[in-house]
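Let's take a walk through this structure together, starting from the ligand and working outward to the sheets and helices. Please have your viewer open as you read.

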Amino acid sequence: RAILHGELRGDDVIVVSNREPYIHQRRGERIEVQQPASGLVTALEPIMRACSGTWIAHGSGSADREVVDRHDCVGVPPENPAYKIRRVWLSAEEEAGYYYGFANEGLWPLCHIAHVRPIFRSSDWAHYVAVNRKFARSVVAEARTKNPIVLVQDYHLALLPRMIRKEMPEATVITFWHIPWPNPESFAICPWRQEILAGMLGSSILGFHTQFHCNNFVDTVDRFMEARVDRENFTVSFGGKSTAVRRYPISVDWPPDPALLAKPVEQCAADMRALNNFPAGHRFCIGVDRLDYTKGILERFRAVERLLELNPEWIGKFSLIQVAAPTRSSIDEYQSHEAQVRALAIRINERFGRGGRDLPLPIVLKVEHHDAGQVYEYYRAADCCFVSSLHDGMNLVAKEFVAARDDERGVLILSQFTGAARELPEALIVNPYDTDQCAAALHLALTMPVDEQRNRMRLMRGLVAEFNVYRWAGRMLLDAASMRQRSHLVETGG
Ligand code: ADQ
């Protein structure tokens, strides 16, 4: 955090992402401020508070336009502004084509290999290009110097790095891709693969969560572009410029906000039991996700069903609380996924539910956004946390659960297909497609001796404490700083 404060305060730092970190919504006479359920926002918000600067994002709230100045800017956080948001306005057609269409029906399933066929429409692509251009204009308008540091976030803005480089050749563009990068064969089905790759290669530094994703990206470039790939230094030269491809595993704020840990764990457990009508001694596992088909929520429910089949002693004594934030609900695939999730919860609850007795249901499904305070209360109260993603760049829920457990208790069950699994081997690592293995992991978690819980949790907490989100941003920015220094020396002949 000190690095960000010291080195970057006053420097020209611009973050660009689709999603804004604060959304202003009108509720009758009042304007409410919401924070979205997004891993990207969770990770970058504390960074921006530490280094100030500007965050450029799509203005999406009903009162977003009411609170901005004539440059479309507003200071945030509202209670104590530390940086500003500059909002980019999109029409309904642009949002449908660029965001719901190309980004979320095309690139999202393409990169997650989630057995959902990507949809590529040329009309969506046209909006995607146009909106990237709109963001580029906003970056140029915002820059106070000819060589700002621009942090481009995620798959919505793959074309932006090249566009910025064209307008501001001296800018340092750091692009971070928050989702996986698939192998070259999988990526090749995208009709605009070359345009996407060329766009991303406008970056000075291109970051992914894991080395595996870096390798896949470099292999993809090697296969489809006229570029020089240096596998020793992991750099790609394309169009006379070079891009360093690096692994920067993202993480969470550390130490966590004290307000999130203020309520004692026993109190959290008592409150959550009361809220959910669980009797004393009832055990529960927590799942926290956007309601997205890549998160493996159906697989998680099937694991609970199998647990109750194999170990009937848990019937009426164990529940999974699934907190699922609605997301991208206007996309067909998301609507049908939500319907499947609801139907499966009902079926399992009918099968193992009350049966005339007043027992808690095995699956408690809450399809709603919760604030960070409530999410942390669940983390602190739960016996275990189950992350069953079918494919996930990192997965911050796993790290948040670890950060929440200052009592060194609780068990993390973690899919092997998350970036987090590479850093947290002390979790119970599972294949979410293997229902029996997941059921066995749930049983193991619920019967794990306290000492073993503590030993595992301690190691995981050590890792998250050291490799926290400031380390993630700090390493990227330090790499950018030394790159800037080198090019300055070359220019001045030093
Ligand atoms: P996401 O796919 O959004 O992130 P994740 O990393 O798990 O996934 O972050 C989700 C965030 O939203 C967490 O902070 C979580 O607490 C919050 N959240 C989820 N459900 C919620 C709910 N019901 N109510 C309130 N808050 C909720 C993308 C990539 C990930 C990568 C991140 C960061 O898909 O792989 O880890 O970006 O790079």
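A residue counts as near a molecule here if its C-beta atom, placed from the backbone, lies within 6 Å of it. Keep in mind that the model is predicted. With that cut-off, 25 residues surround the ligand, and the closest are Gly39, Ala325, Gly393, Met394 and Leu396. By character, this shell splits into 13 nonpolar, eight polar and four charged residues.

Which elements supply at least two residues of the shell? They are helix H2 (39–51), strand E13 (283–290), strand E14 (318–325) and helix H14 (396–404). Of these, H2 gives the most, with four residues.

Follow H2 away from the ligand and you can turn to a sheet. H2 lies across strand E1 (13–16), strand E4 (54–58), strand E6 (83–88) and strand E7 (149–153), and it runs at about 165 degrees to E1. These strands belong to an open sheet of 10 strands with mixed pairing, in the order E5-E6-E4-E1-E7-E8-E9-E12-E11-E10. Strand E5 (73–76) and strand E10 (228–230) are its edges, each pairing on one side only. From one strand to the next, the twist averages 20 degrees. Within this sheet, strand E8 (residues 172–176) and strand E9 (residues 205–208) run parallel and are joined by three bridges; there, threonine 175 stands opposite leucine 206 in E9.

Now go back to the ligand shell and pick up E13 and E14, which lead to another sheet. Six strands form this open sheet, with parallel pairing, in the order E15-E14-E13-E16-E17-E18. The edge strands are strand E15 (363–367) and strand E18 (428–430), each with pairing on one side only. Here the twist averages 20 degrees from one strand to the next. Eight bridges join E13 to E14, which run parallel, and isoleucine 286 stands opposite isoleucine 321 in E14. Helix H15 (residues 435–447) packs on this sheet, touching E13, E14, strand E16 (384–387), strand E17 (411–415) and E18; its direction makes about 170 degrees with that of E18.

One helix pair rounds off the tour. The axes of helix H7 (residues 193–200) and helix H8 (residues 211–224) come within 11 Å and cross at roughly 120 degrees, which makes H7 oblique to H8. The crossing is left-handed. H7 contributes Arg193, Gln194 and Leu197 to the contact, while H8 contributes Thr220, Val221 and Phe224. These contact residues divide into three nonpolar, two polar and one charged.

Definitions and conventions. Residues are numbered from 1 along each chain as its sequence is written. This is a predicted model: local features need pLDDT of at least 70, side-chain atom pairs count only at pLDDT 80 or more; totals for chains, interfaces and linings use all residues. Ala, Val, Leu, Ile, Met, Phe, Trp, Tyr, Cys and Pro count as nonpolar, Asp, Glu, Lys and Arg as charged, and the others, Gly among them, as polar. Two strands pair if DSSP finds at least two bridges between them. Axes are lines fitted to C-alpha atoms, for helices over the stretch in contact, and angles run from 0 to 180 degrees between N-to-C directions. Two residues are in contact if their C-beta atoms, placed from the backbone, lie within 7 Å. Angles under 35 degrees count as roughly parallel, over 145 as roughly antiparallel, 65 to 115 as roughly perpendicular and the rest as oblique. A crossing is left-handed if the near helix is turned anticlockwise from the far one by less than a right angle, and right-handed if clockwise.
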